[in-house]
Amino acid sequence: MAYYHCSPRAGLTVLEPRKPECFEKTRGVYMTTSLPMALMYGVRNFEYSYGYTRDGQIYYEEYFPDALRYLYRGKSASLYLCAPGSVRATKIPNEVVADARVTVIGETAIPDVYEALLEQEKTGALVIRRYDGLSDEMREWIRKTEADIIREKGLLRADGPMAQYFRCHYPESWALAEEKDK
């Protein structure tokens, strides 16, 4: 079974366990058996809006207009093939974590992650749900969910990169968060 890890950093030969910066996960080396899922982690971001259908099909959902292009276009990454000693499955489909360092057995340069994801869509390995095609109910769910995240993370009173990202891409959610915070 192939285990993938994708990173904006090239030239890695060993992956060391670490705690993910933006997610409530334990320390480890996170990998996946899904190529499309790995590619989504080729860029560092504050959120990864993918999921799986009941049939196990992975999809990427744009939470704001043109999100896929904005987040991934023109960004390069390295896709690593890994040889973990032992792994355990997480609650996320196709995701595994190793508690010890993992040896890299191969590296493939991804010159443009956006183009690589579009190729996965063409082959049927990934479904891309574009913002313009989302239902009104789904857009409302996104608006409320992002407002909750803005409040939970204390972003209304912050001025760092994460606050700027949410303020720029989710202005309606930001306004809703401000309204709820009064």
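How many bridges join strand β6 (residues 77-83) to β9? Keep that question in mind as you open this predicted model and start with the strands.

**Stop 1: β6 and its partners**

Select β6 and β9 together. Seven bridges join the two strands, and they run antiparallel. To follow the pairing by eye, pick Ala-77 and look across to its bridge partner in β9, Ile-110. Then move along to Leu-81, which stands opposite Gly-106 of β9.

Now add β1 (residues 3-7) to the selection. This strand also pairs with β6 in the antiparallel sense, here over five bridges. Two positions make good landmarks: His-5 stands opposite Tyr-80 in β6, and Cys-6 stands opposite Leu-79.

Are these strands covered or open? Five of the seven residues of β6 are buried, so that strand is mostly covered. β1 is mostly covered too, with four of its five residues buried.

Before leaving, select β2 (residues 14-15). Two bridges join this strand to β9 (residues 102-110), again antiparallel. Within this pairing, Leu-15 has Val-102 as its bridge partner.

**Stop 2: Val-43**

From Leu-79 in β6, jump to Val-43. The two residues are 36 apart in sequence, and their C-alpha atoms are 11 Å apart in space. Val-43 lies in the loop between α1 (35-40) and β4 (50-52). Is Val-43 buried or exposed? With 5% relative accessibility, Val-43 counts as buried. Show its surroundings, leaving out neighbours within four places in sequence, and you will find Tyr-48, Leu-71, Tyr-72, Lys-75 and Val-113 in contact with Val-43.

**Stop 3: the nonpolar cores**

Next, look at the largest nonpolar core, which has 43 residues. Select Met-40, Tyr-60, Leu-68, Tyr-72, Leu-117 and Phe-166, the members that touch the most others. Helix α3 (residues 113-123) gives this core its largest share, five residues.

Centre the view on Tyr-60. Beyond its neighbours within four places in sequence, Tyr-60 contacts a long list of residues, among them Met-40, Leu-68, Tyr-72, Val-127 and Arg-129.

A second core, of eleven residues, lies apart from the largest one. Leu-12, Leu-15, Cys-82 and Ala-98 are among its members. You have already met Leu-15 as the partner of Val-102.

**Stop 4: aromatic pairs**

Switch to the rings. The whole structure holds twelve aromatic pairs. Start with Tyr-63 and Trp-141, an edge-to-face pair whose centres are 6.1 Å apart and whose planes meet at 80 degrees. Tyr-63 lies in the loop between β5 (58-61) and α2 (67-72), and Trp-141 in helix α4 (residues 136-152), so this pair ties together parts 78 residues apart in sequence. The two partners differ in cover: Tyr-63 is buried, at a relative accessible area of 15%, while Trp-141 is partly exposed, at 43%.

Then select Phe-64 and Tyr-165. Their ring centres are 6.2 Å apart and their planes are at 75 degrees, so this pair is edge-to-face as well. Phe-64 lies in the loop between β5 and α2 and Tyr-165 in helix α5 (residues 161-169), so the pair ties together parts 101 residues apart in sequence. Both of these residues are buried.

Widen the selection to Phe-46, Tyr-70, Phe-166 and Tyr-170. Together with Phe-64 and Tyr-165, they form one aromatic cluster.

One more ring deserves a look. Select Tyr-59 and Arg-129: the charged end of the arginine sits over the tyrosine ring, 3.6 Å from its centre.

**Stop 5: the two faces of α6**

Finish at helix α6 (residues 171-181). Which of its residues are buried? Select Ser-173, Trp-174, Leu-176 and Ala-177, and you have buried residues of this helix. They cover an arc of only 165 degrees around the axis, so they sit on the same side of α6. An α-helix has 3.6 residues a turn, so residues three or four places apart point the same way.

Bring α4 and α5 into view, since they are included in what covers the buried residues of α6. Then rotate to the face turned away from that buried side, where you will find the exposed residues Glu-172 and Glu-179.

Conventions
Residues are numbered from 1 along each chain as its sequence is written. This is a predicted model: local features need pLDDT of at least 70, side-chain atom pairs count only at pLDDT 80 or more; totals for chains, interfaces and linings use all residues. Side-chain values use heavy atoms; hydrogens and water are left out. Rings of Phe, Tyr and Trp (its six-membered ring) pair if their centres lie within 6.5 Å; planes under 30 degrees apart count as stacked, over 60 as edge-to-face and the rest as tilted. Buried means under 20% relative accessible area, exposed over 50%, partly exposed in between (1.4 Å probe, protein chains only). A charge sits over a ring if NZ of Lys or CZ of Arg is within 6 Å of the ring centre and within 35 degrees of the ring normal. The arc is that of the directions from the helix axis to the C-beta atoms. Contact means heavy atoms within 4.5 Å. Two strands pair if DSSP finds at least two bridges between them. A nonpolar core is a set of buried Ala, Val, Leu, Ile, Met, Phe, Trp, Tyr and Cys residues joined through side-chain atoms within 4.5 Å.
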